[in-house]
Amino acid sequence: MSKAFTKEDSGGDEVLVPPRPKSSSGDKRYITPEGYRALQEELAATQGPDSGAEGLTPLEAGVRRQERERRARHLAATLEEVRVVEPEAARENRVFFGAWVELEDEDGERTRYRIVGLDEADVKSGRLSVESPLARALLGKEVGEAVVVERPRGAVEYTVVSVEYASH
């Protein structure tokens, strides 16, 4: 293992978490209020009692504890780095950070995404990173406008069907 990711002063082989890559927008890492609360809740859970450690061997329990501590350090560092951005309901019909956007593709299939920060993105849950090509193409667009996004399978055109800023 590279010395860049180990802690030498502790005498152990504890692996340190490498810093998260910077967003393409520079040092600014944005997050929705809901995403921030979710990270805070996860941090609190990693610092609380570990009900999942029951029945583990001492070695397994130690490994699990180290992983929880590592995750807690990572979450604490992330919470210090991000900037919470409140979605503005006044921006209805135009896509900005925090918007829920319903799209329709060329085949008439509809999809719904929320434009969120890197630290809360999860496409399977409908949370699309503001750094993704689709989100970048959507920013500033209005209901009825179309965007073309290059994908590995080829270009896909989406039409903005609706834009909302209410939490779901």
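A residue counts as buried when its relative accessible area is under 20%. By that cut-off, 30% of the 168 residues of the protein chain are buried in this predicted model. The chain holds three helices and seven strands, and from the N terminus their order is β-α-α-β-β-β-β-α-β-β. The notes below go from the whole chain to the helices, the nonpolar cores and a few single residues.

**Whole chain**

- The exposed area of the protein chain is about 10500 Å², of which carbon and sulfur atoms supply 50%.
- Counting contacts between residues at least 6 apart in sequence, 55% join residues at least 24 apart.

**Helix α1 (residues 33–47)**

- The 15 residues of α1 should span 21 Å at 1.5 Å a residue, and the 21 Å between the end C-alpha atoms agrees with this.
- Pro33, Gly35, Leu39, Leu43 and Thr46 are the buried residues of α1.
- These buried residues fall within an arc of 165 degrees when seen down the axis of α1, so they line one face of the helix.
- An α-helix has 3.6 residues a turn, so residues three or four places apart point the same way.
- The buried residues of α1 pack against three elements, namely β1 (29–31), α2 (58–81) and β2 (82–84).

**Thr46, in α1**

- Thr46 belongs to helix α1 and counts as buried because its relative accessibility is 15%, under the 20% cut-off.
- The side chain of Thr46 comes to 2.7 Å from the backbone oxygen of Leu43.
- With neighbours within four places in sequence left aside, Thr46 is in contact with Arg68, Arg71, Ala72 and Leu75.

**Helix α2**

- From its first C-alpha to its last, α2 reaches 35 Å over 24 residues, close to the 34 Å expected at 1.5 Å a residue.
- Gly62, Arg68, Ala72, His74, Leu75, Thr78 and Leu79 are buried in α2.
- The cover over the buried residues of α2 includes β1, α1 and β2.

**Nonpolar cores**

- The largest nonpolar core has 19 residues, and Val101, Leu103, Ile115, Leu134 and Leu138 have the most contacts inside it.
- Two or more residues of this core come from each of β3 (100–105), β4 (110–116), α3 (133–138), β6 (146–151) and β7 (154–164).
- β7 gives the largest share of this core, with four residues.
- Another core lies apart from it and has seven residues, including Leu43, Ala72, Leu75 and Leu79.
- In soluble globular proteins, nonpolar side chains tend to be buried together.
- Leu103 touches Glu109, Arg110, Thr111, Tyr113, Leu134, Leu138, Tyr158, Thr159, Val160 and Val161, if residues up to four places away in sequence are not counted.

**Asp105, in β3**

- Asp105 lies in strand β3 and is buried because its relative accessible area, 18%, is under 20%.
- Asp105 and Tyr158 are 53 residues apart along the chain, yet their C-alpha atoms are separated by 4.5 Å.
- Outside the four places on either side in sequence, Asp105 is in contact with Val156, Glu157 and Tyr158.
- A polar atom of the Asp105 side chain lies 2.9 Å from the backbone nitrogen of Asp107.

**Tyr30 and Thr32**

- Tyr30 is in strand β1, and with a relative accessible area of 23% Tyr30 is partly exposed, because this value lies between the 20% and 50% cut-offs.
- The C-alpha atoms of Tyr30 and Val84 are 5.9 Å apart, with their positions 54 residues apart along the chain.
- Not counting residues up to four places away in sequence, Tyr30 touches Arg83, Val85, Phe97, Gly117, Leu118 and Glu120.
- Thr32 sits in the loop between β1 and α1 and counts as buried at 0% relative accessibility.
- A polar atom of the Thr32 side chain is 3.0 Å from the backbone nitrogen of Gly35, and Gly35 is one of the buried residues of α1.
- Leaving out neighbours within four places in sequence, Thr32 is in contact with Val84, Val85, Phe97, Gly98, Arg114, Ile115, Val116 and Glu120.

Terms used. Residues are numbered from 1 along each chain as its sequence is written. This is a predicted model: local features need pLDDT of at least 70, side-chain atom pairs count only at pLDDT 80 or more; totals for chains, interfaces and linings use all residues. Side-chain values use heavy atoms; hydrogens and water are left out. The expected span of a helix is 1.5 Å times one less than its number of residues. Buried means under 20% relative accessible area, exposed over 50%, partly exposed in between (1.4 Å probe, protein chains only). The arc is that of the directions from the helix axis to the C-beta atoms. Contact means heavy atoms within 4.5 Å. A nonpolar core is a set of buried Ala, Val, Leu, Ile, Met, Phe, Trp, Tyr and Cys residues joined through side-chain atoms within 4.5 Å. A polar contact is a pair of N or O atoms within 3.5 Å; within protein, one must be able to donate a hydrogen and the other to accept it, and residues adjacent in sequence count only if both atoms are side-chain atoms. Accessible areas come from the Shrake-Rupley method with a 1.4 Å probe; for residues, only the protein chains shown count as cover.
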